[in-house]
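Thanks for making time. I'll take you through one model this morning, starting with charged pairs and ending with the cores.

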Amino acid sequence: VESLSPDLAGRLGYEGLSGVVVSAVAPNSPASDAGLRRGSLIERVNRKPVSNVQEFRTEISRVASGKSILLLARFGNSNQFIVLKKP
């Protein structure tokens, strides 16, 4: 993931929003299978808003191995909740 800069927000149509942008997703990975794709904007992790990579990593680090992570992700104009299991 990478922080949402004003330039990136403009290119992806996420002006006025905050979060982190998915920069790459491994094919056939749990994230890919769950619907995350390059360019998705992750706005919340376990219901907590994230506005930069540091906040994203902090929230992910709070989840124990084997537990679920709830993401609120946007792609274009649609939002979806994605559940991933932390390895």
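Is Glu59 buried or exposed? Buried: its relative accessible area is 12%, under the 20% cut-off. Keep in mind that this is a predicted model.

Now, what does Glu59 pair with? Glu59 makes a salt bridge to Arg62, with the closest N and O atoms 3.2 Å apart. Arg62 is the exposed partner, at 57% relative accessibility. So this bridge has one buried end, Glu59, and one exposed end, Arg62.

How many salt bridges does the structure hold? Three. Let me do the other two.

Next is Arg11 with Asp7. Their closest N and O atoms are 3.3 Å apart. Both residues sit in helix H1, residues 6-12. They are four residues apart, which is about one turn of the helix. Here both ends are exposed. Arg11 has 61% relative accessibility, and Asp7 has a relative accessible area of 51%. The cut-off for exposed is over 50%, so Asp7 qualifies.

Then Arg74 with Glu43. The N to O distance is 3.7 Å. Arg74 belongs to strand E5, residues 68-75, and Glu43 to strand E3, residues 41-45, so this salt bridge ties together parts that are 31 residues apart in sequence. Both Arg74 and Glu43 are buried.

That brings us to E3. Four of its five residues are buried, so the strand is mostly covered. Which strands does E3 pair with? Let me take them in turn.

Strand E2, residues 20-21, is joined to E3 by two bridges, antiparallel. Val20 has Ile42 as its bridge partner in E3.

E5 is joined to E3 by four bridges, again antiparallel. Arg44 is partnered by Leu72 in E5.

Strand E4, residues 48-49, pairs with E3 over two bridges, also in the antiparallel sense. Val45 stands opposite Lys48 in E4. E3 and E4 make a hairpin, with two residues between them. One to look at in the turn is Asn46, which has a positive phi of about 50°.

On to the cores. In soluble globular proteins, nonpolar side chains tend to be buried together. The largest nonpolar core here has 16 residues. Which members touch the most others? Leu36, Ile42, Val45 and Leu71. E3, helix H3 (53-61), E5 and E6 each supply at least two residues of this core. There is also a second, separate core of six residues, including Leu8, Ala9, Val21 and Leu41.

Stay with Val45 for a moment. What does Val45 contact, leaving aside neighbours within four places in sequence? Val50, Phe56, Glu59, Ile60, Ile69, Leu70 and Leu71. Note that Glu59 is on that list. Glu59 is the buried residue I began with.

Last stop: Lys86. Lys86 lies in the segment after strand E6, residues 78-85. Lys86 is 22 residues from Ala64 in sequence, yet their C-alpha atoms are 7.2 Å apart in space. Where does the side chain of Lys86 find a polar atom? A polar atom of that side chain lies 2.7 Å from the backbone oxygen of Val63. Beyond its neighbours within four places in sequence, Lys86 has contacts that include Ile60, Ser61, Val63, Ala64 and Ile69. Two of those names, Ile60 and Ile69, also turned up among the contacts of Val45.

That's my tour. Over to you.

Technical notes: Residues numbered from 1 in each chain as written. Predicted model: local features only at pLDDT ≥ 70, side-chain atom pairs only at ≥ 80, totals over all residues. Heavy atoms only, no water. Salt bridge = Lys/Arg side-chain N within 4 Å of Asp/Glu carboxyl O. Buried < 20%, exposed > 50% of the residue type's maximum accessible area, 1.4 Å probe, protein only. Contact = heavy atoms within 4.5 Å. Polar contact = N/O pair within 3.5 Å; in protein donor to acceptor, adjacent residues only side chain to side chain. Pairing = 2+ DSSP bridges. Core = buried A, V, L, I, M, F, W, Y, C linked by side-chain atoms within 4.5 Å.
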